[in-house]
Amino acid sequence: MSIEAVAKRAGVGKTAIYRRWSSKDELVLDALKEVETEVPVVDTGNFREDATTFLREYVRVHSLANPQDIKLLLKILGELYERPELFSTLYAQLYESRNRQLEYLISSGQDRGELRQDIEATFILDLLAGPIFLRALLSIVRPVQYTADELITQTVDTVLAGIGPKSHHDLSERFLQDE
């Protein structure tokens with residue numbers, strides 16, 4: 001991406017772009033703000049259902065199955081180690097509020113006794129979001145054998161088996177009865 005290309009596409013001169021944004025980084029961060037969409041948090045009192053609903057909506061809203069969006073995400077991640085200050089700003093802008101939303105669901109589940117109290121909410125968040133994020137990134141080189149909904153349900157159920165208050169056997173039986 002070049003400032004010249006942006007100016008040409010916008011039908012303005014480069015100086016008009018530089019008057020509004022002092023650098024390409026600022027322009028990119030502003031552009032990414034425009035495409036960011038909040039995912040509503042629904043707290044029904046059932047962590048499994050709430051987390052599954054939130055993650056499904058997140059995948060839908062953020063087009064994690066869209067190859068163009070994945071390419072953009074990979075480019076952004078490629079900048080992570082080269083320009084950590086830019087990535088830090090981007091993370092704060094795009095991901096912190098979303099992470100707080102999921103952490104809220106996790107804390108609510110812990111308060112209700114659905115989840116173990118001895119595991120930090122951020123760790124549970126990583127366990128839930130990690131496989132979905134990784135699957136999106138790897139889908140280009142390793143074709144997916146299941147739908148996003150199946151991945152989300154299986155991820156939530158598998159994580160719950162480890163973070164739930166009951167034994168793995170008891171949780172497995174409960175999930176089988178629900179279906």
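This report covers the helices, one pocket and three residues of a predicted model.

**Overall fold**

The protein has 10 helices and zero strands. Read from the N terminus, the order of elements is α-α-α-α-α-α-α-α-α-α. There are 179 residues in the protein, and buried residues make up 32% of them. Consider the contacts in the protein with a separation of 6 or more: residues 24 or more positions apart account for 62% of these.

**Helix α8**

Helix α8 covers residues 121-138, which is 18 residues. From first C-alpha to last it reaches 26 Å, close to the 26 Å expected at 1.5 Å a residue. The helix also has a bend. At Ala129, α8 turns by about 35 degrees. A proline, Pro131, follows within four residues.

Which residues of α8 are buried? They are Ala121, Ile124, Leu125, Leu128, Ile132, Arg135, Ala136 and Leu137. An arginine, Arg135, is thus on the buried list. In an α-helix there are 3.6 residues a turn, so residues three or four places apart point the same way. The buried residues of α8 pack against four helices: α4 (47-61), α5 (67-78), α7 (96-111) and α9 (148-163).

**Helix α9**

One of those partners, α9, has 16 residues. At 1.5 Å a residue α9 should span 22 Å, and its end C-alpha atoms are 22 Å apart, so the two values agree. The buried residues in α9 are Leu151, Ile152, Thr155, Val156, Asp157, Val159, Leu160, Ala161 and Ile163. Among them are Thr155 and Asp157.

**The second largest pocket**

The second largest pocket holds about 540 Å³ of space. It is lined by 24 residues, and the closest to its centre are Tyr91, Tyr95, Asn99, Ala129 and Phe133. Elements giving two or more residues to this lining are α4, α5, α6 (84-94), α7 and α8. Which element gives the largest share of the lining of the second largest pocket? That is α8, with seven residues. By type, the lining residues divide into 16 nonpolar, three polar and five charged. Ala129 links two parts of this picture: α8 bends at Ala129, and Ala129 is among the residues closest to the centre of the second largest pocket.

**Three residues in α7 and α8**

The table sets out the helix and relative accessible area of each.

| Residue | Helix | Relative accessible area | Class |
|---|---|---|---|
| Gln110 | α7 | 9% | buried |
| Tyr104 | α7 | 45% | partly exposed |
| Ile124 | α8 | 0% | buried |

Is Ile124 buried or exposed? Ile124 counts as buried because its relative accessibility is 0%, under the 20% cut-off. Leaving aside neighbours within four places in sequence, Ile124 is in contact with Ile106, Gln110, Ile119 and Ile163. Ile163 is itself one of the buried residues in α9. The C-alpha atoms of Ile124 and Glu103 are separated by 8.3 Å, and the two residues are 21 residues apart along the chain.

Gln110 lies in helix α7. Gln110 is buried, because its relative accessible area is 9%, again under 20%. With neighbours within four places in sequence left aside, Gln110 is in contact with Leu115, Arg116, Gln117, Ile119 and Ile124. Ile119 is a contact of Gln110 and also a contact of Ile124.

Tyr104 lies in helix α7 too. Its relative accessible area is 45%, so Tyr104 is partly exposed. Where does the chain come back to Tyr104? Beyond neighbours within four places in sequence, Tyr104 is in contact with Val41 and Asp43. Tyr104 and Asp43 are 61 residues apart along the chain, and their C-alpha atoms are separated by 9.0 Å.

Conventions:
Residues numbered from 1 in each chain as written. Predicted model: local features only at pLDDT ≥ 70, side-chain atom pairs only at ≥ 80, totals over all residues. Heavy atoms only, no water. Expected span 1.5 Å × (residues − 1). Bend = angle between axes of the 7 residues up to and from the residue. Buried < 20%, exposed > 50% of the residue type's maximum accessible area, 1.4 Å probe, protein only. Contact = heavy atoms within 4.5 Å. 1 Å grid on protein atoms, 1.4 Å probe; cavity = no way out; pocket = protein on both sides within 12 Å on 5 of 7 lines; lining within 4 Å. Points joined across faces, edges and corners; volume = space filled by probe spheres on them. Nonpolar A, V, L, I, M, F, W, Y, C, P; charged D, E, K, R; others polar.
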